[in-house]
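Work through the exercises below with the structure open. Try each task before reading its solution.

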Amino acid sequence: MMLIWLWAYKIKNAGIVDIFWAFNFTIISAIIWLMADGYEERKNIVCGLAALWSLRLGIYLLIRVGSHLKEEEGRYKQLRIDWAPNANRTFFIFFQTQALSNIFLATPFFILSMNPSPELTLIEKIGAGMWFISIIGEGIADWQLKKFKSSPDSKGKVCQYGLWNYSRHPNYFFQLMIWISVFIFSLTTPYGWISIICPLTIGYLIFKVTGIPMTEEQSIRSKGDLYKEYQRTTSVFVPWFKKK
């Protein structure tokens, strides 16, 4: 992340941190898969699902952010303003915090992959199923948003296509569901209860820090009354029917 910060400093685009935050979980999963000595089938499922989610999200962000490297995304532009005149120094700290969060959030992967119990419990199977479905849901939400933004007719409009018609942040909803699924998967593993830190941390970030608050502030700045009407009629998080 130090090297990524140097690149971000050079191109004046801190948004690239999102790409490498996602891909870092693939690296961690590979290390765990090679070195952990737990039950092989459990280790394969955990590392496979973690890598699948990481690669899917990382590739999506690589395409999205990589398509406008010379133009920093709105929320990072705002942070640069908020953190002036020491924005670059603060971004350095931010990048290192992101690196630490990779290891912190990977805690369940370490715990699960070292579990020697030679069979998968029903709870683990339910957790794995929820995890896989949530990865697909997050992918669909991201694809629908990308498809909407790529249409010339969408300029100046608010995305209400597919899942975005039922939730203002379906991508965040499924992201949190992924970490809840990891926690459920961990319940029957010794010390697996520690995994509760993941959905609690992600939930806090989504609802209070860099997720919904910053995204909605930027949307109001760029879309104005159109987005305020979207806020009035559409569930903020859990997909649900429109308000009249």
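## Exercise 1: Threonine 233

Threonine 233 lies in helix α11, which spans residues 225-233. The model is a predicted one.

Task: state whether threonine 233 is buried or exposed, and find which residues threonine 233 touches, not counting those up to four places away in sequence.

Solution.
- Step 1. Take the accessibility. Threonine 233 has 10% relative accessibility. Buried means under 20%, so threonine 233 counts as buried.
- Step 2. List the contacts. Leaving out residues up to four places away in sequence, threonine 233 touches Lys242 and Lys243.
- Step 3. Check the backbone. Threonine 233 and lysine 243 are ten residues apart along the chain, and their C-alpha atoms are separated by 4.6 Å.

## Exercise 2: A salt bridge between two helices

Task: find which parts of the chain are tied together by the pair arginine 75 and aspartate 18, and classify each residue as buried or exposed.

Solution.
- Step 1. Confirm the pair. The cut-off for a salt bridge is 4 Å between side-chain nitrogen and carboxyl oxygen. The side chains of arginine 75 and aspartate 18 meet at 2.7 Å, N to O, in a salt bridge.
- Step 2. Place both ends. Arginine 75 is in helix α4 (residues 74-82) and aspartate 18 is in helix α2 (residues 16-35), so the pair ties together parts that are 57 residues apart in sequence.
- Step 3. Classify them. Arginine 75 has a relative accessible area of 17% and is buried. Aspartate 18, at 10% relative accessibility, also counts as buried.

## Exercise 3: More salt bridges

Task: work out how many salt bridges the model holds, then classify the partners in the pairs glutamate 71 with lysine 77 and arginine 80 with glutamate 72.

Solution.
- Step 1. Count. The total is ten salt bridges.
- Step 2. Take glutamate 71 and lysine 77. Their side chains form a salt bridge at 2.2 Å, N to O. Glutamate 71 is partly exposed at 42% relative accessibility. Lysine 77 is partly exposed too, with a relative accessible area of 36%.
- Step 3. Take arginine 80 and glutamate 72. This salt bridge has an N to O distance of 2.7 Å. Arginine 80 counts as partly exposed at 23% relative accessibility, whereas glutamate 72 is buried, with a relative accessible area of 7%.
- Step 4. Look for shared partners. Arg56, Glu138 and Asp142 are joined into one network by salt bridges that share partners.

## Exercise 4: Nonpolar surface and nonpolar core

Task: identify which residues make a nonpolar surface patch of about 580 Å², and which residues have the most contacts inside the largest nonpolar core.

Solution.
- Step 1. Name the patch. Ile27, Ile31, Trp33, Leu34 and Met35 make it.
- Step 2. Examine one member. Tryptophan 33 lies in helix α2. At 42% relative accessibility, tryptophan 33 counts as partly exposed.
- Step 3. Turn to the core. The largest nonpolar core has 59 residues, and Phe91, Phe95, Phe109, Trp131 and Trp179 have the most contacts inside it.
- Step 4. Follow phenylalanine 91. Not counting residues up to four places away in sequence, phenylalanine 91 touches Trp5, Ala14, Tyr76, Leu79, Arg80 and Trp83.

## Exercise 5: Glutamine 98

Task: decide whether glutamine 98 is buried or exposed, and find what glutamine 98 touches, not counting residues up to four places away in sequence.

Solution.
- Step 1. Locate the residue. Glutamine 98 is in helix α5, residues 87-105.
- Step 2. Classify. Glutamine 98 has 16% relative accessibility and counts as buried.
- Step 3. List the contacts. Beyond residues up to four places away in sequence, glutamine 98 touches Met1, Val17 and Trp21.

Terms used: Residues numbered from 1 in each chain as written. Predicted model: local features only at pLDDT ≥ 70, side-chain atom pairs only at ≥ 80, totals over all residues. Heavy atoms only, no water. Helix = DSSP H or I, 4+ residues; strand = E, 2+ residues; numbered from the N terminus. Buried < 20%, exposed > 50% of the residue type's maximum accessible area, 1.4 Å probe, protein only. Patch = residues over 30% accessible without salt bridge, like charges linked within 9 Å, V, L, I, M, F, W, Y side chains within 5 Å. Areas by Shrake-Rupley, 256 points an atom, 1.4 Å probe, with all protein chains shown as cover. Contact = heavy atoms within 4.5 Å. Core = buried A, V, L, I, M, F, W, Y, C linked by side-chain atoms within 4.5 Å.
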